[in-house]
Amino acid sequence: MATRTQSKSRTGSQSRTSGRSAAGSKSMSTSRTAAKTSNSSRSRGSKSQNEDMPNSKFHQLFVDQLKDIYWAEKALVKALGKMQKAATSEELADAITTHQEQTREHVARLERVFESIGQTAKAKKCPAMEGLIEEGQEVIDDTEEDSAVRDAGLIVCAQKIEHYEIATYGSLRTLANRMGHEEAVQLLEQTLNEEKETDVLLTQLAESSVNEEAAAE
Ligand SMILES: [Fe+2]
């Protein structure tokens with residue numbers, strides 16, 4: 001079932017990192033400063049009249065980030081189904097099922113956020129969530145079926161996902177608040193709280209039987 005390619009890609013990213021020279025990073029920072037200076041006294045090219053409105057660039061950022069998390073939540077609904085089937089303990093499988101149901105609600109809630117600001121819900125691929133989901137698949141591929149180690153690995157991946165979502169919803173709530181989108185603030189906060197609760201639940205699972213069993217294997 002598993003084709004393991006992670007060592008190949010890790011080597012690639014390592015060589016990219018070591019290939020950067022001190023001189024290269026110096027010239028990058030110089031050109032960034034130059035770009036900043038040239039843009040500081042005038043506004044950057046506007047694409048529509050709306051961009052002259054107060055907060056319009058924040059609005060665009062907000063909408064882009066909404067599209068990103070909308071894609072992420074939809075992708076997560078599918079991924080959690082796979083993780084649930086792969087889980088060993090009933091406790092973890094149940095926790096994942098509950099969170100999958102919540103995630104479906106998060107998708108619907110995001111549609112209400114879009115609606116509350118007069119936008120149609122659209123998804124934009126989220127590379128971060130795609131990578132986190134891939135890590136979950138790697139755990140499934142690299143661990144034995146019905147093992148406690150697999151559960152410990154799935155919890156690690158699930159918590160990475162939760163932390164990504166907590167960061168996203170927290171930031172989106174701040175942006176919505178800054179622009180006075182009160183309904184959006186409330187909706188985003190509701191999801192943020194559920195993500196935090198899931199994170200706490202996963203920590204409890206990790207600290208209880210799952211890791212003890214993994215250590216005994
Ligand atoms: Fe979510």
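An axis here is a line fitted to C-alpha atoms, for helices over the stretch in contact, and the angle between two axes runs from 0 to 180 degrees between N-to-C directions. The model discussed below is predicted.

Q: At what angle do α5 and α6 pack, and are they roughly parallel or roughly antiparallel?
A: The axes of α5 and α6 lie 9 Å apart and make an angle of about 175°. Angles over 145 degrees count as roughly antiparallel. The angle between α5 and α6 is about 175°, and the two helices are therefore roughly antiparallel.

Q: Which residues of α6 meet α5?
A: On the α5 side, the residues are A128, M129, L132, E135, G136 and V139. Their counterparts in α6 are R150, G153, L154, C157, K160, I161 and Y164.

Q: Which residue in the loop between α5 and α6 has a positive phi although it is not a glycine?
A: The loop between α5 and α6 holds a residue that is exposed, with 11 other C-beta atoms within 10 Å. Its phi is about 60°, although it is not a glycine. The residue is D146.

Q: How are α3 and α5 oriented, roughly parallel or roughly antiparallel?
A: The axes of α3 and α5 are 10 Å apart, at an angle of about 10°. Angles under 35 degrees count as roughly parallel. The helices α3 and α5 are therefore roughly parallel.

Q: Which residues of α5 meet α3?
A: From α3, the residues A72, A75, L76, A79, M83 and A86 take part. In α5 they meet M129, E130, I133, G136 and I140.

Q: Where does α3 bend?
A: Helix α3 covers residues 56–86, which is 31 residues. From first C-alpha to last it reaches 45 Å, close to the 45 Å expected at 1.5 Å a residue. A bend of about 25° is nevertheless present in α3, and it is located at V77.

Q: Against which helices do the buried residues of α3 pack?
A: The buried residues of α3 include F62, L66, I69, Y70 and A72, and also E73, L76 and M83. The buried residues of this helix pack against α4 (90–116), α5 (127–142) and α6 (148–178).

Q: Which element gives the most residues to the largest nonpolar core?
A: This core has 39 residues, and M83, L154 and L188 touch the most other members. The elements giving two or more residues to the core are α3, α4, α5, α6 and α7 (182–216). The one that gives the most, with eleven residues, is α6.

Q: Which residues does M83 touch, not counting residues up to four places away in sequence?
A: M83 is one of the buried residues of α3, and it is among the members of the largest nonpolar core that touch the most others. Leaving out residues up to four places away in sequence, M83 touches I96, G136, L154 and A158.

Q: How far apart in space are T168 and L188, C-alpha to C-alpha?
A: T168 lies in helix α6. Because T168 has 23 C-beta neighbours inside 10 Å, it counts as buried. T168 and L188 are 20 residues apart in sequence, and their C-alpha separation in space is 9.7 Å.

Q: What percentage of the residues of the protein count as buried?
A: The protein has seven helices and zero strands. Residues 24 or more positions apart account for 75% of the contacts with a separation of 6 or more. Of the 217 residues, the share that counts as buried is 27%.

Definitions and conventions:
Residues are numbered from 1 along each chain as its sequence is written. This is a predicted model: local features need pLDDT of at least 70, side-chain atom pairs count only at pLDDT 80 or more; totals for chains, interfaces and linings use all residues. Helices (H or I, at least four residues) and strands (E, at least two) are DSSP runs, numbered from the N terminus. The expected span of a helix is 1.5 Å times one less than its number of residues. The bend at a residue is the angle between axes fitted to the seven residues ending there and the seven starting there. A residue is buried if 20 or more other C-beta atoms lie within 10 Å of its own, exposed if 12 or fewer, and partly exposed in between; C-beta atoms are placed from the backbone. Two residues are in contact if their C-beta atoms, placed from the backbone, lie within 7 Å. A nonpolar core is a set of buried Ala, Val, Leu, Ile, Met, Phe, Trp, Tyr and Cys residues joined through C-beta atoms within 7 Å. Angles under 35 degrees count as roughly parallel, over 145 as roughly antiparallel, 65 to 115 as roughly perpendicular and the rest as oblique.
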